[in-house]
Amino acid sequence: MKIIFLNGPNLNLLGTREPDIYGQTTLAQIEKSVTERAAMLEAQVEFRQSNLEGELVTWIQQARERFDVLVLNAAAYTHTSIAIRDAVAASGLPTIEVHLSNIHAREKFRHQSLIAPVCCGQIVGFGPLSYLLAIEAAVSLIAKK
Ligand code: CA2
């Protein structure tokens with residue numbers, strides 16, 4: 001089973017700025033813990049980050065060929081990108097939306113996700129644990145197929 005984790009703009013800054021909102025864990029540390037948990041579940045993971053909307057769209061399009069599940073933290077594009085939503089819908093891949101913070105408890109402009117309606121589910125607000133919960137959800141989705 002292969003799971004791709006795609007991360008959107010500014011998530012490369014995790015652990016280096018605004019620790020009060022996003023914590024002190026870096027994206028590389030999240031990737032390490034996700035990879036370790038995935039190995040226990042006999043899943044393979046690939047982890048990528050981009051600040052570019054078009055690059056994320058291309059990766060989503062390509063993911064259809066090589067992966068069973070997409071885990072997506074589109075960061076700020078969650079709230080703005082019809083292009084990413086359309087790519088997720090077109091990919092036909094089961095997609096799990098994740099966020100570190102609870103977007104529903106933050107500014108109003110973060111309450112809406114354009115991506116949520118084309119996802120299987122949304123995991124928000126647990127910090128780096130959101131990503132580990134997403135692996136459990138991904139494995140369970142595939143097992144049910
Ligand atoms: O909570 C999340 O995971 C978000 O996707 C993070 C995005 C935000 O725009 C979404 O509303 C919720 C922001 C990612 C920026 O990450 C930073 C990390 C450290 C310093 C500055 C930004």
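**The ligand and Ser101**

Me: What makes the approach of the Asn73 side chain to an oxygen atom of the ligand a polar contact?
Reply: An oxygen atom of the ligand is 2.8 Å from an N or O atom in the Asn73 side chain, and since a polar contact is a pair of N or O atoms within 3.5 Å, this pair qualifies. The model is predicted, so local features need pLDDT of at least 70 and side-chain atom pairs pLDDT 80 or more, while totals for chains, interfaces and linings use all residues. Residues are numbered from 1 along each chain as its sequence is written, and side-chain values use heavy atoms, without hydrogens or water.

Me: Which N or O atoms of Arg110 and Asn10 lie by an oxygen atom of the ligand, and how much of the ligand does the protein bury?
Reply: For Arg110 a side-chain N or O atom is 2.9 Å from a ligand oxygen, whereas for Asn10 a backbone N or O atom lies 3.5 Å from one. The ligand alone exposes 510 Å², of which the protein buries 95% (Shrake-Rupley method, 1.4 Å probe).

Me: What kinds of residue form the shell around the ligand?
Reply: The shell divides into nine nonpolar, five polar and three charged residues. Of the 17 residues around the ligand, those that come nearest are Asn73, His79, His99, Leu100 and Ser101 (near means a heavy atom within 4 Å).

Me: Why is Ser101 called buried?
Reply: Its relative accessibility is 11%, and buried means under 20% with a 1.4 Å probe and protein chains only, so Ser101 counts as buried. Ser101 is placed in the loop between β4 (95–99) and β5 (121–124), and its side chain makes a polar contact of 2.9 Å with the side chain of Arg106.

Note on methods. A polar contact is a pair of N or O atoms within 3.5 Å; within protein, one must be able to donate a hydrogen and the other to accept it, and residues adjacent in sequence count only if both atoms are side-chain atoms. Ala, Val, Leu, Ile, Met, Phe, Trp, Tyr, Cys and Pro count as nonpolar, Asp, Glu, Lys and Arg as charged, and the others, Gly among them, as polar. Helices (H or I, at least four residues) and strands (E, at least two) are DSSP runs, numbered from the N terminus. Buried means under 20% relative accessible area, exposed over 50%, partly exposed in between (1.4 Å probe, protein chains only).
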